[in-house]
Amino acid sequence: MTPQRRAIVAEVMRTQGHISPTALARKVQADMPGVNASTIYRTLAMLEEVGVLAHAHLESGAEYHRAEDAGHVHLMCSNCGAEDDLSLREARALQNLIEEHRGFAPDLTHFAISGLCANCQRAVARH
Ligand SMILES: [Zn+2]
Ligand SMILES: [Zn+2]
Ligand SMILES: [Zn+2]
């Protein structure tokens, strides 16, 4: 593994929660100005292929986290961008409901559910 790839892997592993490819590029380039974005994208794809990372689609685009942390449903406020997680256990009833529809097996972890957080709902109600 090249030093560039090692720096990319170290940065992803240090990150709590999600990191977007652009945020990752910014951080890695701060330490190693020579690393270009395509190296970062290729390394992310490689790490996903070997099962270390997983991506999810959030309001802001695709983001990565460690594969072992990926088992949750993403809730994203489309007004203020607040993020929350729902465990798969909490989402069980929704999962079952969808499975009852022609046996469709949903992957609830892959795309975020967008909506309004409690704060933004209160703000809307005040108007
Ligand atoms: Zn995807
Ligand atoms: Zn997540
Ligand atoms: Zn909000």
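The following exercises with worked solutions concern a predicted model.

**Exercise 1. Determine which atoms coordinate the zinc ion (ligand 3) and classify the geometry of the site.**

Step 1. The protein donors are the SG atoms of C77, C80, C117 and C120, at 2.3 Å from the zinc ion (ligand 3).

Step 2. Along the chain, the donors of this ion follow the spacing C-x2-C-x36-C-x2-C.

Step 3. The angles among the four donor atoms run from 106 to 114 degrees. Four donors count as tetrahedral if all angles lie between 85 and 135 degrees. The site of the zinc ion (ligand 3) is therefore tetrahedral. For reference, ideal angles at a metal are 109.5 degrees for four tetrahedral donors.

Step 4. Two of the donors may be placed on the accessibility scale. C77 has 4% relative accessibility and counts as buried, whereas C80, at 48%, counts as partly exposed.

**Exercise 2. Carry out the corresponding analysis for the zinc ion (ligand 2) and classify its site.**

Step 1. The protein donors here are the NE2 atoms of H18, H65, H72 and H74, which lie 1.9 to 2.3 Å from the ion.

Step 2. The donor residues of the zinc ion (ligand 2) have the sequence spacing H-x46-H-x6-H-x1-H.

Step 3. The angles among the four donor atoms cover 97 to 146 degrees. The tetrahedral class requires all angles to lie between 85 and 135 degrees. Because the range extends to 146 degrees, the tetrahedral criterion is not met; the site of the zinc ion (ligand 2) is classified as irregular.

Step 4. Regarding burial, H65 is at 3% relative accessibility and counts as buried. H72 is also buried, with a relative accessible area of 12%.

**Exercise 3. Identify the donors of the zinc ion (ligand 1) and state which parts of the chain H57 and H110 tie together.**

Step 1. The zinc ion (ligand 1) is coordinated at 2.1 Å by the NE2 atoms of H55, H57 and H110.

Step 2. The donor residues of this ion are spaced H-x1-H-x52-H in sequence.

Step 3. H57 belongs to strand 1 (residues 53-58), and H110 to the loop between helix 4 (92-100) and strand 5, so this pair ties together parts that are 53 residues apart in sequence.

Step 4. H57, with a relative accessible area of 25%, is partly exposed. H110 likewise counts as partly exposed, at 24% relative accessibility.

**Exercise 4. State how many salt bridges there are, and which residues are linked in a network.**

Step 1. The criterion is a side-chain nitrogen of Lys or Arg within 4 Å of a carboxyl oxygen of Asp or Glu. By this rule, the count comes to three salt bridges.

Step 2. The side chains of E11 and R14 form a salt bridge with an N to O distance of 2.7 Å. Both residues lie in helix 1 (residues 3-14), three residues apart, about one turn of the helix. E11 is at 8% relative accessibility and counts as buried, while R14, at 53%, counts as exposed.

Step 3. The side chains of K27 and E11 also meet in a salt bridge, at 3.9 Å from N to O. Since K27 lies in helix 2 (residues 21-31) and E11 in helix 1, the pair ties together parts that are 16 residues apart in sequence. K27 counts as partly exposed, at 43% relative accessibility.

Step 4. E11, R14 and K27 are thus linked in a network of salt bridges.

Step 5. R66 and D69 form a salt bridge at 3.1 Å, N to O. R66 counts as buried at 18% relative accessibility; D69 is partly exposed, with a relative accessible area of 31%.

**Exercise 5. Describe how strand 3 and strand 4 pair and what lies in the turn of their hairpin.**

Step 1. Strand 3 (residues 72-77) and strand 4 (residues 83-87) pair in the antiparallel sense over five bridges. L75 stands opposite D84 in strand 4.

Step 2. The two strands form a hairpin with five residues between them, and G81 in the turn has a positive phi of about 85 degrees.

**Exercise 6. Identify the residues of the nonpolar surface patch and locate I113 in the secondary structure.**

Step 1. The patch is formed by L94, L97 and I113, which together have about 250 Å² of accessible area.

Step 2. I113 is located in strand 5 (residues 113-115). With a relative accessible area of 37%, I113 is partly exposed.

Notes
Residues are numbered from 1 along each chain as its sequence is written. Chains are lettered from A and ligands numbered from 1 in the order in which they are written. This is a predicted model: local features need pLDDT of at least 70, side-chain atom pairs count only at pLDDT 80 or more; totals for chains, interfaces and linings use all residues. Side-chain values use heavy atoms; hydrogens and water are left out. Donors are N, O and S atoms within 2.8 Å of the metal (3.2 Å for Na, K and Ca); water is not among the atoms, so sites may look incomplete. Four donors count as tetrahedral if all angles lie between 85 and 135 degrees; four count as square planar and six as octahedral if opposite donors are over 155 degrees apart and all others between 65 and 115; anything else is irregular. Buried means under 20% relative accessible area, exposed over 50%, partly exposed in between (1.4 Å probe, protein chains only). Patches are made of residues with over 30% relative accessible area and no salt bridge: like charges are joined within 9 Å, nonpolar side chains (Val, Leu, Ile, Met, Phe, Trp, Tyr) within 5 Å. Accessible areas come from the Shrake-Rupley method with a 1.4 Å probe; for residues, only the protein chains shown count as cover. Helices (H or I, at least four residues) and strands (E, at least two) are DSSP runs, numbered from the N terminus. Two strands pair if DSSP finds at least two bridges between them.
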